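Good morning, and thank you for joining. I would like to take you through one structure, beginning with how its helices pack.

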There are 2 protein chains.
Amino acid sequence: MSDALTRPTIDDIARASGVSKGTVSRVINGHSTVAERTRVRVQEVIARLDYTPDPAARNLSWRTGQTLGLSLDRDDPMLSPYQVLFRRALEAHTAPLGVQLLDLRADLTRLARLPSAVLVMHAVEGDPRLSFLQQQGVPAVLIGHHPESFWVAPDDEGGAHLATLQLLEAGHRHLAYLGVGPSQVAHDRQRGFERAARTVGASTQLLAADFTVLSGYRAVRRAWEAGVRFTGLFAQSDESAIGAVAALEDLGLNIPGDVSVVGFDGLPELPLPYSLTTVSQDIPRIASTALTLVGEAISGQRPRGEFIPVQLISGATVASAPGGSP
Amino acid sequence: MSDALTRPTIDDIARASGVSKGTVSRVINGHSTVAERTRVRVQEVIARLDYTPDPAARNLSWRTGQTLGLSLDRDDPMLSPYQVLFRRALEAHTAPLGVQLLDLRADLTRLARLPSAVLVMHAVEGDPRLSFLQQQGVPAVLIGHHPESFWVAPDDEGGAHLATLQLLEAGHRHLAYLGVGPSQVAHDRQRGFERAARTVGASTQLLAADFTVLSGYRAVRRAWEAGVRFTGLFAQSDESAIGAVAALEDLGLNIPGDVSVVGFDGLPELPLPYSLTTVSQDIPRIASTALTLVGEAISGQRPRGEFIPVQLISGATVASAPGGSP
DNA sequence: AATGGTCTTGTAACCGATTACAAAAAACTT
DNA sequence: AAGTTTTTTGTAATCGGTTACAAGACCATT
């Protein structure tokens, strides 16, 4: 018998819906041998009592636990804060399900045991990881826009467009994009930047950088010292934005008085004395969507993808352009 | 019956040692009501068959899983690579035990459920986390040297001494320490540096910095531009060493031709074109020692601490001092 | 030798699920 | 309407442990 203090068990569900444990179990696991009427009735009870199967009990029956692999694109330990947050968000969902998160090296061949499914970050065209997983029959979900697969991605181009508009609306006409690089993400964000800048004919400078603080710092400092000028900067990541801000400060410039800066990612608690204007990604939602897709992939449904909307967060690093008319 | 393909179960142990499941279970869980003779016999069998209890089955019996909290000293998501590696090393051990790792915020008060034990990183004198845990009766193990508690720590001072000796042996007599700051770790490493430098009367410069790349970059660049000179630099972390190298390069200096650099931590796969000379911490061993101590703390043994030795890794960032006699 | 108290061990129920198998119900046949 | 097949459901064993309780072994008293 279940009281208010203990979670309901499969027996509670069985009793409440007038069927046996076995039938409830079949409903839970989607076995086809259940009559439609009873299936619906049982599922209503499950929803009403807010029942979730005990992972320990399932693992015991199954004689093995479920695992979800997480395949990053690089092996180095300098995990970005974004990746750390993403992993945390995932874990928040998988832990209650008893699903173990596995950090996979970029090279997936010869794994001790294959995971039940894999989340592949930043897959590229013809990525060897994808063909390997397909060949092994392991369901995969990609983080990042990709055709013919299950995928989730933030709206990179839209977000970049949004960020750039913010600078344009503040009257800036001399813009710079920090983050030119080979990755898909860098591409999409650059495209959004250029599309926005083009609409009003603003001048654009393109600075090469990856996602790291140091790379942002060096690119901005070097460019500025070489005579490159701009009053509005859009950085492809919050980290490189931090580097940019530091570089500009070291050059004696005032933020946002002399240069306005917008970042991307929406990381909380940055090491900055003031708040960064940025495009916030809904990391928890990306993670939970990824898990939904994992479920669909496992049950063999048709591949689909989803863009997760982003949101502009106004901080203290954007001000009106010097002498500009907003 | 257990064959070679399946892990042994408690029944196999019981059969092989001629006792009942119950007795084996009592041995495993250290219940005192087992005769010394049988306890030894059972444990021999357990060791011989390499038996580990199935976590799912235990969790099912206990009606709750075991959790290990990990309390970092800050809440921001910019987890350092060191912390990422440490967490991974921990997970490699806890996962097979079915122990869930919990990321705790720096503020431990009002947790939904208290973890079975907590690993506290970088506790300071009179840390509120410690008193809270003690009051709640949650066993704690500290990462970092600390009296009157369970603790593990790398040999920070010894490692710093080692690193500095490396510079001295290469003939450097104008040294700098990068990393002056308020943390215990920064203190210990600085002390090791100064102790070594003092033995030969080398000149020492002290540069303030935390553990990050950017902070290393800015400190070194600013100092050098202010006229501070040195030919050998010891950085308290690999990350700040990377920043230092970048700064020196941007200043037109050659590494290690003009300045030799030694880091600390021994991170693998750094974003550097050449290998960094560094003091490597044995992170896996720190992690496994921490878990051993957790076990001791839970079973109420007397608090003890352990220093884990470090090791110098020779890379390509140390060369003989210009004109120096090694 | 019978009594009583400690220690130590075995027995069996239980944790919360899954699933093979059998039984019951429903749907067709002829 | 009786017999067959198919669909749906219940029953009971099972996964690998823990633990309350009972029973057995051992020892010291009287």
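Please look first at chain A, where the crossing of α9(A) and α10(A) is right-handed; a crossing is called right-handed if the near helix is turned clockwise from the far one by less than a right angle, and left-handed if anticlockwise. Before going further, I should say that this is a predicted model, in which local features need pLDDT of at least 70 and side-chain atom pairs count only at pLDDT 80 or more, while totals for chains, interfaces and linings use all residues. Residues are numbered from 1 along each chain as its sequence is written, chains are lettered from A and ligands numbered from 1 in the order in which they are written, and side-chain values use heavy atoms, with hydrogens and water left out.

Helix α9 of chain A covers residues 213-225 and helix α10 of chain A covers residues 238-250; their axes come within 6 Å and cross at roughly 40 degrees. Helices here are DSSP runs of H or I with at least four residues, numbered from the N terminus. Axes are lines fitted to C-alpha atoms over the stretch in contact, and angles run from 0 to 180 degrees between N-to-C directions. α9(A) and α10(A) are therefore oblique to each other, a word kept for angles that are not under 35 degrees (roughly parallel), over 145 (roughly antiparallel) or 65 to 115 (roughly perpendicular).

Which residues meet? From α9(A) they include Y217(A) and W224(A), and from α10(A) they include I242(A) and L248(A); contact means heavy atoms within 4.5 Å. By class, this contact of α9(A) with α10(A) has 9 nonpolar, 3 polar and 3 charged residues. Ala, Val, Leu, Ile, Met, Phe, Trp, Tyr, Cys and Pro count as nonpolar, Asp, Glu, Lys and Arg as charged, and the others, Gly among them, as polar.

In chain B, helix α1 (residues 10-17) packs with helix α3 (residues 36-49) at an angle of about 125 degrees, their axes being 9 Å apart. α1(B) and α3(B) are therefore oblique to each other, and their crossing is right-handed. On the α1(B) side, I13(B), A16(B) and S17(B) take part, and they meet α3(B) residues including V42(B) and I46(B). The residues of this contact of α1(B) with α3(B) divide into 6 nonpolar, 1 polar and 1 charged.

Finally, the two chains. Chain B is superposed on chain A by a rotation of 180 degrees with 0.1 Å of shift along its axis, at an RMSD of 0.1 Å; the fit is by least squares on the C-alpha atoms of residues with pLDDT of at least 70 in both copies. That is the relation of a two-fold axis. In chain B, A56(B) has the C-alpha nearest the axis, 2.3 Å from it.

Definitions and conventions
Helices (H or I, at least four residues) and strands (E, at least two) are DSSP runs, numbered from the N terminus.
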